[in-house]
Protein chains: 2
Amino acid sequence: MRNFNYKNQTEIIFGKDTESKVGTEVKKYANKVLLHYGGGSIKFTGLYDKIVNSLKNENIEIVELGGVKPNPRVSLVREGIEICRKNNIDFILAVGGGSVIDSAKAIAAGVNYNGDVWDLFIGTDINHTCLKLATVLTIPAAGSETSSGCVITNEDGLYKRSTGHPTLRPIFSILNPELTYTLPKYQTSCGIADMIAHILERYFTNEKYVDLTDRLCEATLKTIMENALRLNNNPNDYNARAEIMLSGMVAHNDWLGIGRLGDWATHDIEHELSGIYDIAHGAGLSIIFPAWMKYVYKHDLNRFAQFANRVFDIDINLNNLEETALKGIEALENFFTKIELPTRLSHANINDDHIEEMSKKLVAHYDHVGNFVEIREKEALEIFKLAL
Amino acid sequence: MRNFNYKNQTEIIFGKDTESKVGTEVKKYANKVLLHYGGGSIKFTGLYDKIVNSLKNENIEIVELGGVKPNPRVSLVREGIEICRKNNIDFILAVGGGSVIDSAKAIAAGVNYNGDVWDLFIGTDINHTCLKLATVLTIPAAGSETSSGCVITNEDGLYKRSTGHPTLRPIFSILNPELTYTLPKYQTSCGIADMIAHILERYFTNEKYVDLTDRLCEATLKTIMENALRLNNNPNDYNARAEIMLSGMVAHNDWLGIGRLGDWATHDIEHELSGIYDIAHGAGLSIIFPAWMKYVYKHDLNRFAQFANRVFDIDINLNNLEETALKGIEALENFFTKIELPTRLSHANINDDHIEEMSKKLVAHYDHVGNFVEIREKEALEIFKLAL
């Protein structure tokens, strides 16, 4: 196990009807907020009205910025930064999924930065004060509700890059599983793939002697998969929605990653894919993760066999660990198929036109991506080919 | 799953040689500290000198209060409160195990309280500001290093009672597994029983649909037991010490308890035992937990069978769940025996002289203890008898 520091000050407010507390919670920190959200869905479901009323009941002044799109754009972030500066806002309330929260984090990081906010995504450290932010989560997926990171897309060249800072963890996050009933099946599934990927990125590590976090990862993966299949039958199953929502948070708040160095190549590779194609991040991950696994599994057959055995109850064939490892990867693909996600680029109508370009862009700013196995242009291209 | 709020602001600083950072960490919050510790062991091991030097390097003024005993006493707490008031100290550094940390928490809670600190352990809420505290942990057991609670014994009548408040979570806690090499085997084992009990108290709940936290509990229990047996063979196994230390923290920081109501009768019953007999808390738990399980298992055979199956890999006999449940309880007893802990009062040379008295005192301040099954005087007596 590695030495580590861990601190996560986000207050999690979880359960039925918790969004009605948003006004009183915000009031502890601010009298004026930037209310940040996405498209029309929160207006359609009535959540928007509920939030606005709760804020108004506490006499909180609201300045609005909607319009966040999946794979959130730096142009809207810049707009949010200007609004906060002009209106002296120092608290952002993000109502939505990971894209909205990440957009809010980028605004929070950018307001007190003198240069262009994109600098913070291509190497400039955050050494200044970020605005406070809080969230009402509507899509369990990105884990951004308690994480310190965010991912933004620059339309100029379609680069998708991440940054992070401890102070970008939300002050509080409200998680009501009922708010996820209205999610379309595809979006639910994409979220599930995202949280699974967050765990797998941590699980595939070269760190030895990480028993507890291995088992916590496996426990969370099993829970997610069991409950995802329950949602296949009944999308309004509160208990299954609650397990998925809680698991999505646990998958990325780093409880499962302490003391180990994760991989993260798959996320980086997927960011190239969704940067160019605007495919949902989760669907990109359900394609890229199995391909990455097929490319790297020989690097640590034991770990892949343990994954197959503990997550999918596949017997370990000690005379042929490779067989066990491959069965585990196949089981993961089968699971993604069961929740109707693509596992090949062709399933998403993507051909090989841009795979060289994406492989090149992947390492435009870095020597390599990935820690479990170092991935450069050549290796990325092989992974894309395995995904075709 | 229940609605819940969760926030834990303690910074965990984990790994080799991390105690050398204590001075720079304290300096972020204070220029003067109450250094609180137990007997001579930290002086014998050299830890005391390391801590004092690290603090002095940062010009931090030190006022000392040593002498905390296992089952820490309210009299020393009162002494600590006076010292803090007299010296205008608002930061406590606890170096030791759970007893030292709990004593420090009680001091932190008492300094700004106008009445006697014991009030806070028998029903008076903490509505005032507590002092800040931080810890350097030397015994993985109580989980007090990131928890919000503490347990103190009142010599006047030998009552052992607990209190808690979110602001009693330490600001930071330093956990270096190397510091636990010198723990005697018995103390290591007692700590292991304590952390197992913390998980079991949460595991045995009447809450339905708690899949994730069930699995996280099971994952942590398996990790603890595997690594405890490794320490049987080699007490200087860093990796096993690290897994145990991390698990002890996870067992009680409530990652495993969110969304469920735990039981806690066994802790309360054990507090009567160690209040009177001054037996180590962990040894009391390894006696009382199996007895409690034998008394209550019929209340939820499914849960006990799941425990047997998932923690001890015992096949579920669907035609006889009781058999499976009892095998699980037996396996837990066998584990305690393997790490050389008592599982009967007689193993600790305790007879039935005081079991009526302890059963009566247990509910002196409350209608009952326990949530999974309500335990009153009569039931407590039966549990003590099963433990003889």
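Reader: How far apart are the end C-alpha atoms of residues 193–387 of chain A?
Author: They lie 16 Å apart. The model here is a predicted one.

Reader: And what is that span made of, helix or strand?
Author: It is 64% helix and 0% strand.

Reader: What does UniProt list for those residues?
Author: An unreviewed UniProt entry gives residues 193–387 of chain A as "domain: Fe-containing alcohol dehydrogenase-like C-terminal".

Reader: On to the sheet. How many strands, and in what order?
Author: It is an open sheet of 12 strands with mixed pairing. The order is β3(A)-β2(A)-β4(A)-β5(A)-β8(A)-β1(A)-β1(B)-β8(B)-β5(B)-β4(B)-β2(B)-β3(B).

Reader: Which strands stand at the edges?
Author: β3 (61–65) of chain A and β3 (61–65) of chain B. Each has a single partner strand, so one side of each has no neighbour in the sheet.

Reader: What about twist?
Author: From one strand to the next, the twist averages 25°.

Reader: How does β2 of chain B pair with β3(B), and over how many bridges?
Author: Strand β2 (residues 32–37) of chain B pairs with β3(B) in the parallel sense, over five bridges. In that pairing, B:Leu35 has B:Glu64 of β3(B) as its bridge partner.

Reader: Which strands does helix α3 of chain A touch?
Author: Helix α3 (residues 47–57) packs on the sheet and touches β2 (32–37), β3, β4 (91–96) and β5 (132–137) of chain A. Its direction makes about 175° with that of β2(A).

Reader: And helix α8 of chain A, what does that touch?
Author: Helix α8 (residues 238–250) also packs on the sheet. It touches β1 (4–14), β5 and β8 (172–175) of chain A, together with β1 (4–14) of chain B. The direction of α8 makes about 150° with that of β1(A).

Reader: New topic. What rotation superposes chain A on chain B?
Author: A rotation of 180°, with 0.0 Å of shift along its axis and an RMSD of 0.0 Å. The two copies are thus related as by a two-fold rotation axis.

Reader: Which residue of chain A comes closest to the axis?
Author: A:Gln9, with its C-alpha at 2.3 Å.

Reader: How many residues does the contact take from each chain?
Author: It takes 39 from chain A and 39 from chain B. The same surface serves both copies, as 100% of the contact residues of chain A recur in chain B.

Reader: What area is buried between the chains?
Author: About 3,700 Å², with carbon and sulfur atoms giving 58%.

Reader: How many salt bridges are found across the interface?
Author: Four. In one salt bridge, the side chains of A:Arg230 and B:Asp211 meet at 2.8 Å, N to O.

Note on methods: Residues are numbered from 1 along each chain as its sequence is written. Chains are lettered from A and ligands numbered from 1 in the order in which they are written. This is a predicted model: local features need pLDDT of at least 70, side-chain atom pairs count only at pLDDT 80 or more; totals for chains, interfaces and linings use all residues. Side-chain values use heavy atoms; hydrogens and water are left out. Two strands pair if DSSP finds at least two bridges between them. Helices (H or I, at least four residues) and strands (E, at least two) are DSSP runs, numbered from the N terminus. Axes are lines fitted to C-alpha atoms, for helices over the stretch in contact, and angles run from 0 to 180 degrees between N-to-C directions. Contact means heavy atoms within 4.5 Å. Copies are superposed by least squares on the C-alpha atoms of residues with pLDDT of at least 70 in both. UniProt positions are given in the numbering used here, feature names are shortened, and annotations may be inferred rather than shown by experiment. Buried area is the accessible area (1.4 Å probe) that two parts lose on being put together, summed over both.
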